Amino acid sequence: MRLALIGYGNVGRAFARLLKQQRSAYPFRIVGIHTARHGTAVDQDGLPSEPEFGPQAPSAEVFLDAVDAEVAVELTTLEPATGQPAIQHIRAAFARRMHVITANKGPVAHAYKILKQEADRAAVQFRFESTCMDGAPVFNMVRNNLPAVRVLGFTGVLNSTSKIVVDAMLRGLAMDDGIEEARKLGIAEADASYDIDGWDSAAKTAALANVLMDAGTTPLDVDRRGIGKLTVARVQELGAKGETVRLVSRATRGPSRIKLRVRAEVIDETDVLASVHGTSSLLLLHTDLMATIGIISIAAGVEQTAYGVFSDLVDITRSL
Ligand SMILES: NC(=O)c1ccc[n+]([C@@H]2O[C@H](COP(=O)([O-])OP(=O)(O)OC[C@H]3O[C@@H](n4cnc5c(N)ncnc54)[C@H](OP(=O)(O)O)[C@@H]3O)[C@@H](O)[C@H]2O)c1
């Protein structure tokens, strides 16, 4: 399988390391990498994990025309208000009959239905396991293991940076120090206000609702309030009472519409939602046939996000 990567930051590089490690069992080959500032690299024999970049291709379309790849892997920065230019990158790949894997939740949050239709028309696969829980199986689990189940709603603690910030504030550190901790772990969004203001969670909420509940929504429709107003004094006061704060995503299917919400909620420390710290995350799916079923991912890092991309790739090869 020949791969064209659009975006080569934390996730892209971790993915390349994983491919190298798994090469003997899974002979996937990165034949092109296109970035915003570092330039573009193409080699049909396979690129090393630290390639020499040449001048940047004028556009993702030109890049995709220049590589002979079967799968495009979209790993560019999240733009939560529009999902662009990642949506355009994915459409360009479908137009060239390439399968697409993305860890970028923007396209799934903004344009899932139309992208899925375009993938179906081109008879290629569209996969995005790493978009919401850093590679833990959510979409693949529902598709493969919950036949006939209807997802009625979900509750999730899905943003890592906000948990790291709350835990840092509990230790008396400023919000910016917590953001810096998340940055050092390589898990903060390029613009960390997207994490703090709840945009990352809203995008994940919309993505989950679009795929699992056919919501046809966008992050702009999510009733969103982040942790930006939280103070050290408030976090420590709650801590003294055995409470904490989590940025909680909730989806509920009402009689006429699906309600989506992201809120900084005060939670008792004994609540299952408070049990995830740092880069751990939790998703409870409320269903008709399987009651409530949960997925928990403990201390996931960028390697697990890369693994989610890898698992999508393996799944695509199995489906061919
Ligand atoms: N980091 C995580 O743990 C994690 C977890 C789950 C999901 N994700 C998602 O995965 C995606 C990648 O995350 P990351 O941490 O790898 O981001 P990152 O380190 O900021 O890297 C982003 C990459 O995208 C490239 N890029 C940005 N805009 C581009 C454009 N218009 N055309 C071509 N390339 C472009 C950048 O190019 P330059 O290198 O030239 O700047 C960079 O290589 C994001 O959407 C993020 O939300 C990340």
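**Notebook: helix 12, aromatic rings, ligand site and single residues**

I began with helix 12, for which I listed the buried residues: Val 302, Thr 305, Ala 306, Gly 308, Val 309, Phe 310, Ser 311, Asp 312, Leu 313, Val 314, Asp 315 and Ile 316. I note at the outset that the model is predicted.

I then checked the length of helix 12, which runs over residues 302–319. Its 18 residues, at 1.5 Å a residue, should span 26 Å, and the end C-alpha atoms are 26 Å apart, so the two values agree.

**Aromatic rings**

How many aromatic pairs does the count give? I obtained 10 aromatic pairs. One of them joins Tyr 26 and Phe 28, whose rings lie 6.1 Å centre to centre with 20° between the planes, and I recorded this pair as stacked. Because planes under 30 degrees apart count as stacked, the label follows from the angle. I looked up the accessibility of both partners. Tyr 26 is partly exposed at 28% relative accessibility, whereas Phe 28 is buried with a relative accessible area of 7%.

I next examined Tyr 307 and Phe 310. Their ring centres are 6.0 Å apart and their planes stand at 40°, so I entered the pair as tilted. Both residues belong to helix 12 and are three residues apart, about one turn of the helix. An α-helix has 3.6 residues a turn, so residues three or four places apart point the same way. Tyr 307 is partly exposed, with a relative accessible area of 45%. Phe 310 has a relative accessible area of 5% and is therefore buried.

I also found a cluster in which ring pairs link Phe 94, Tyr 112, Phe 126, Phe 128 and Phe 139. For Trp 199 I noted a charge over the ring: the charged end of Arg 224 sits there, 3.9 Å from the ring centre.

**Ligand site**

Which residues are closest to the ligand? I counted 26 residues around the ligand, and the closest are Tyr 8, Val 11, Arg 37, His 38 and Thr 76. I then looked up polar atoms facing ligand oxygen atoms. A polar backbone atom of Thr 76 is 2.7 Å from an oxygen atom of the ligand. His 38 places a polar side-chain atom 2.8 Å from a ligand oxygen atom. For Thr 35, an N or O atom of the side chain is 3.3 Å from an oxygen atom of the ligand. On its own the ligand has 890 Å² of accessible area, of which the protein covers 86%.

**Single residues**

Is His 34 buried or exposed? I found His 34 in strand 2, residues 29–34. Its relative accessible area is 7%, so His 34 is buried. The side chain of His 34 makes a polar contact of 2.8 Å with the side chain of Thr 40.

I then turned to Asn 140, which lies in helix 6, residues 139–145. Asn 140 counts as buried because its relative accessibility is 10%, and the cut-off for buried is under 20%. I recorded a polar contact of 2.4 Å between the side chains of Asn 140 and Arg 143.

My last entry concerns Ala 192. Ala 192 is placed in the loop between helix 8 (175–184) and helix 9 (193–196). With 6% relative accessibility, Ala 192 counts as buried. I also looked up its C-alpha distance to Thr 161: the two atoms are separated by 8.1 Å, although the residues are 31 residues apart along the chain.

How values were computed:
Residues numbered from 1 in each chain as written. Predicted model: local features only at pLDDT ≥ 70, side-chain atom pairs only at ≥ 80, totals over all residues. Heavy atoms only, no water. Helix = DSSP H or I, 4+ residues; strand = E, 2+ residues; numbered from the N terminus. Expected span 1.5 Å × (residues − 1). Buried < 20%, exposed > 50% of the residue type's maximum accessible area, 1.4 Å probe, protein only. Phe/Tyr/Trp six-rings, centres within 6.5 Å; stacked < 30°, edge-to-face > 60°. Lys NZ or Arg CZ within 6 Å of the ring centre and 35° of its normal. Near = heavy atom within 4 Å. Polar contact = N/O pair within 3.5 Å; in protein donor to acceptor, adjacent residues only side chain to side chain. Areas by Shrake-Rupley, 256 points an atom, 1.4 Å probe, with all protein chains shown as cover.
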